[in-house]
Each structure stands twice: as structure tokens, then as C-alpha cells.
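Hi,

Here is the structure I promised to pass on. Have a look at it first, and then read my notes underneath.

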Amino acid sequence: MAKKEKIPDNNQLYEQLKGLTDKLSPKDSTQNNVKQKSESYSKDSIIQTPTGYIHPKRQNFVNKNKRQKYKLKEKIDFYSNEGPIVTRTFREEKKEVTTQVTRITPVNQEAIKVEISRFPNPPIKFSWVENERNFNYEFDFSLGEKFQPSTQSDKEDRDMTIGMDFGTSSTKITIRDIQGNSSFAIPFSNNKDIHAYLLPTKIFFDNDKFSLKSEGKECTNLKIKVLTDEVNDFDIFAVISYMSLVIRHARSHFFKNYDKNYKGQRFLWRLNVGIPARTVQKFEIKDRYIRLSRAAIICSYGKNNFISMDEAKKAFALSDQKKIINEFKKLPDQIKISFDNNSSNFLEEGVGLYPEIMAQIHGYVHSNEWNQQSNPHILMIDVGAGTLDLSLCGVRQDDQYELNYYPLACLVEGLGVSNLVRHRENFMLDSTNDMKREHQDLILETLSCLDHINYGEIDVPSSFEKMLEGFEFTNKQANEYIDKSFKRRIQSAIWSQTVLKASEGSIPGDTTWKPLPVFICGGGSRMPFYNNLISEYEKATDTKVRFSIRKVPQPSDLYNFEEKNDYDRLSVAYGLGFWNLGNFISSFEKPKINIEGEDSPKWSDNFISKDMT
């Protein structure tokens, strides 16, 4: 465990820093390096701040929302809005761990010094960053007041479901005709690839109005905010407005293209929304999601391309169970008809919440590929822009042929694509500590092109050489070393914290974990960096669990979608289109949620315990 040395008074700081130079420097440091460090910490430059002692000359190096901590060992820290902190830490010798384990000895286990030998001069913008897609989204709200076919009748009822995959980085949506066994993918632009169906999960606020047009204040992280306990009223109204406009566009698109197919019928609507499995047992979040979804249905009635703050407030107030019973009759006729003119139907049938894993694997468990005797456990790995989400559950079919899902392990870690980029960037910044200031500024200017990238709309290269073009190191093994701790965290999340946790009670010789069906989805799943790591678990022969990576086949009843190789991006929205996905038995221990995580790997991640084999 690291112990912080007590910070001396400012009058004593210079002398102690000077004395610490040799101790903090590697043993093979040259006299020039020592001299350079000594010169960089001049006595008059060090000042005291509420957060510690800082050196003003570092300000240009850590500007643009960067933060650098100075510590003895390799320990990466993500960025924050605070200024740089100069700290000095010492580490105690670790005690020998006495447990029966089989050690994995990684190549180059000892820490190596990462020194930059070449960098872009003049600064450059990485070529892959320039390939960021700028999509022109096209929305249609002209039929936003339409819930029923043009020649509507109450002689034949038709159950219609809106499946909304409300994602962290993007939202996907389908509309399903239950009786007709048909699902329709809803596009948001005329692009000819998967991105036409992926709408960024963000909204803009300007002049007291929320809009999907890029004007005014940008409101992002909508899903993350409503899942936290610190959510405020503005975040709630922003989410309601976003969901409302998405539903308004979806209905307009559907009726414009398929209205003529439903003459003389009455639509009974339901909105199904996906939520992370790890939040199912948190009833305050479940209740909040239901209210937000009810408000979104009400607020989706209209033709405008915006939702006013007042509209969102009124819809949220009306979504309260007691209030909707008293005021349901005041709603527009199109909405009332959609729920058989009955407030009870609106409250009981209007909104369905299902864990995303149920929707993701819905097509698989309803196909001939699934057998509950040999494959009762299923793992979903979602590699997103910011996080790596893992959900492992058991699936059983009861005597009534209804599916029951039993969550076994759920985990989310900040190990998505954007954090892989940050991890590598942090190593680069840490390696510039001993460089001249003008060289630091040149490197920072190049790395600044990584800021404000929408990682959901850009293809990020896997290899270090292609991602950070123009950089080289004195040690040729540095590239592999830099990724080592990040890879160990991914392996620990997948194996130690998820698979082993779920299988720890299995009977010796249990073959239901060999193979374990694994579905990989999300934009980051296309990167070889992640795919290669996960694929390694398919090769395991002497462990109690072996992966069988499957690809979800595109169902034949999904229309208006031709991107078969990218169907997994839409599979949650497709699954949510079904009226009833089954039962999610959520009486299990609260799963671990670790968004930021500890950056340095734990000692145990370098071992395979006896329980792993």
C-alpha cells in the first residue's frame, strides 16, 4: 500500500525536492537527466494551492482539461478539471501471498521505462481522427399527432410495440406488429450503413426548448444521469424530451411508409425500454424509468421539432400514477384510443422495462440453436464507447413455455474504446515528464486532437502504432508494455469477476459451462484489440468454462434493415419489440458497478486460482 510523505512547508520544499531527485529517478538515469530535473523545480516557482504544491511551468503541459499526477510507480489517472498535483509516494514491500495458485508469468513482467525517442514535429492530427463521420440526420415529425391508422376502426385490434434501445452513446428503435409477426427498423438518416439507425444519445437546449438540432447547449450522458441518485430536474426533462422526439419521429416514419397496410384497424400501443441488468433490482430507478417512459409517450404527441421545458414538466407531473387516473380523460383522443380509453391499461400495459440482455439474446433462445439442457447459461459482452458491460444469466423454460432469466453476474467497467485511447494517451503524457518544455508542448498539441471525439461515430485503430502515429520509444517493447495493465483489467472483468463468480457453485464435472454461449456486441466489438482478447477464452481446454462465441443471426421478420453484418447493433431494439420477453428473476445480490475503476492491476490478476481450473 502506498504511503504519502508529509508535504513540507514551502520554505523547505526546494531542498527536499532536490534531495529526492535521485530517489525518484531510475537507477540508470544519466547526469544530464538529474540536472534537467533539478533545473525544472526552481525554488521560486513552487506555490501552494488548496490541492497541493504545484509548479506553474506545468500549466501549459496539462492545459485543456488534462491532469497529471507524479508518483513513483506506474499508476495512470484519468483526466479531471483540477490543476496538476505534485505528490511523492513510497511503496512498502508487498507481503508474500500464501495461497494455492498457478502463476501466469507474463512476458516482460518487470516494469520498463517508457521513453519517447520520436514524436511528430510539427504537431499533426492523426489520420484516423480525420475520418470521423459527420452525419446529417433527417427527422420527420409531420405525423407526430398520429397514433392510429388513417381509416381506424375498433373492429380489429392490433398490438403495436415500440422497442427502444436507449443506449449510453446511441439509441436504436423498432416498431413491431405483434399479430403480423413483423418488425420495422426506424432510420434517422439516408445513410446506407448501420449508422443510419444509430442516433447519438444527446439533445440540445436553447430558448427554453429541447431539440435534436445542433443548436444551443449540448446535453449528453442522458442515460448515465438518470441511472444515478444525483439526477436533477433538468436531466429528467432532457431525457423525457429526447425520448419523446425519438418516438415522434418513429411513428411519423412508420405511418408515412406503412399506414396503407392497416386500414380499418385500431392500434394498442406499448413502449418497451431496455435497462441494464445490474439496475433491475434498484426499484427507485425502475420506478423513475417507468415515469420517464410514460411522460415520453404523452409528450410525443405533437408536430413540432422541439419539446418545450413546460411540456416536459407537465408530462412528468402527469405520469404520476394517481394523477394519470384522474386526468387520463384530458389526454388527446389519439392517445386515449391507443390504450382502449382506460387509464388502467395505460398504467399496466403502456410501458414495459426489460434488461437489455433479455432483448439481446431473445432471437437466440427462440431459435433451434438454443438448448436449455446443454446451454442454460449465456454471457453477453457489450464493448461500448466508454464502458465494457458484462451480463451473465441462466435461462430456463417453465411448464408453460415461458422463459425465466436468472442473472448470475453483472459488471460494468470503464474499459471501452475511449478509455483505451485515454489509457495510451496517459502513458504518453507520463513519459514526457523529463522532456524539455517545448517538446512537451509539441506532444500535447498532437495529443489534443483526441479530445472531444465521438467514439461512437469513428473507427479507432487497435494497434498502438496506427492509433498514435509518429511516436516511437527507445525500448521496442514499450508498445506491448503500455497495454498490459489495461488488458489485465479486461481479463479480470471477464473471467475473475464475472465467469468465475457465476460458476463458483457448479458441480465438478458440470458440462453446461463447456461451451458457454457468448455474444459480443457494441461498436467496440469490431476492434481486434477486444476481439482477440475475448477469443482467447475459446481456446481454453483445462478450465471449467470454455467460451463459444456466437453471432446473432438477423431474423427474417425484421424489415427495412439490410446491414446483416451489423445486426447485433440493432438486436436489443428488435428484442424489445416483442410484447412479452419473459420473466427476469432479480432476487440476487447487488452486482458490482465500477465506472472509473482502479487503474493499476491487482496482484491477483496475475494468477489463476485453483477454482479457475
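Below is what I found, going from the whole chain down to single residues.

First, a caveat: this is a predicted model, so please read everything below in that light.

**The chain as a whole**

The chain has 17 helices and 26 strands. Of its 613 residues, 53% are buried. If you take the contacts with a separation of 6 or more, 75% of them are between residues 24 or more positions apart.

**Aromatic rings**

There are 31 aromatic pairs in the structure. One of them is F254 with Y258, a tilted pair with 5.4 Å from centre to centre and 45° between the planes. Both residues belong to helix α4 (residues 233-258), where they are four residues apart, or about one turn of the helix. F254 and Y258 are both buried.

For another geometry, look at Y574 and F578. Their ring centres are 5.4 Å apart, but the planes stand at 80°, so this pair counts as edge-to-face; the cut-off for that label is over 60 degrees. Y574 is buried, at 4% relative accessible area. F578 has a relative accessibility of 18% and counts as buried too, because the limit for that is under 20%.

F254 and Y258 also belong to a cluster. Ring pairs tie them together with F184, F255, Y262, F267, W269 and Y559. If you colour those residues in your viewer, you can trace the cluster yourself.

**Charges over rings**

Two spots to look at here. K209 has its charged end over the ring of F306, 4.3 Å from the ring centre. R251 does likewise with F147, where the charged end is 3.7 Å from the centre of the ring.

**Cysteines**

How many disulfides does the structure hold? Zero. As a reminder, a disulfide is a covalent bond between the sulfur atoms of two cysteines. Take C393: the closest cysteine sulfur is the one in C410, and at 8.1 Å that is too far for a bond. A disulfide would need the two sulfur atoms within 2.5 Å. Seen from the other side, the closest cysteine sulfur to that of C410 is in C393, so C410 has no partner within bonding distance either. Both cysteines are tucked away from the surface by the numbers: C393 is buried with a relative accessible area of 1%, and C410 is buried with 5%.

**Two helices that cross**

Helix α4 comes up again here. Its axis and that of helix α6 (residues 309-318) come within 9 Å and cross at roughly 95°. That makes the two helices roughly perpendicular. On the α4 side, the residues that meet α6 are F234, I236, F237, I240 and S241. On the α6 side, they are M309, A312, K313 and F316.

**Three residues in their surroundings**

I also picked out three single residues.

- S418 sits in helix α12 (residues 417-431). S418 is buried, with a relative accessible area of 12%. Setting aside neighbours within four places in sequence, S418 is in contact with A385, G386 and Y455.
- Q152 is in the loop between β6 (116-118) and β7 (157-166). Its relative accessibility is 32%, so Q152 counts as partly exposed. Not counting residues up to four places away in sequence, Q152 touches Q265, R266 and I337. Q152 and Y262 are 110 residues apart in sequence, while their C-alpha atoms are 8.1 Å apart in space. Y262 is one of the residues in the ring cluster above.
- E472 lies in strand β20 (residues 472-473). E472 is partly exposed, at 36% relative accessible area. Where does E472 make its contacts, leaving out residues up to four places away in sequence? E472 touches E115, I116, S117 and R118. V114 is 358 residues from E472 along the chain, and the C-alpha atoms of the two are separated by 10.0 Å.

That's the lot from me. Shout if anything is unclear.

Cheers

How values were computed: Residues numbered from 1 in each chain as written. Predicted model: local features only at pLDDT ≥ 70, side-chain atom pairs only at ≥ 80, totals over all residues. Heavy atoms only, no water. Phe/Tyr/Trp six-rings, centres within 6.5 Å; stacked < 30°, edge-to-face > 60°. Buried < 20%, exposed > 50% of the residue type's maximum accessible area, 1.4 Å probe, protein only. Lys NZ or Arg CZ within 6 Å of the ring centre and 35° of its normal. Axes fitted to C-alpha atoms, helices over the stretch in contact; angles between N-to-C directions. Parallel < 35°, antiparallel > 145°, perpendicular 65-115°, else oblique. Contact = heavy atoms within 4.5 Å.
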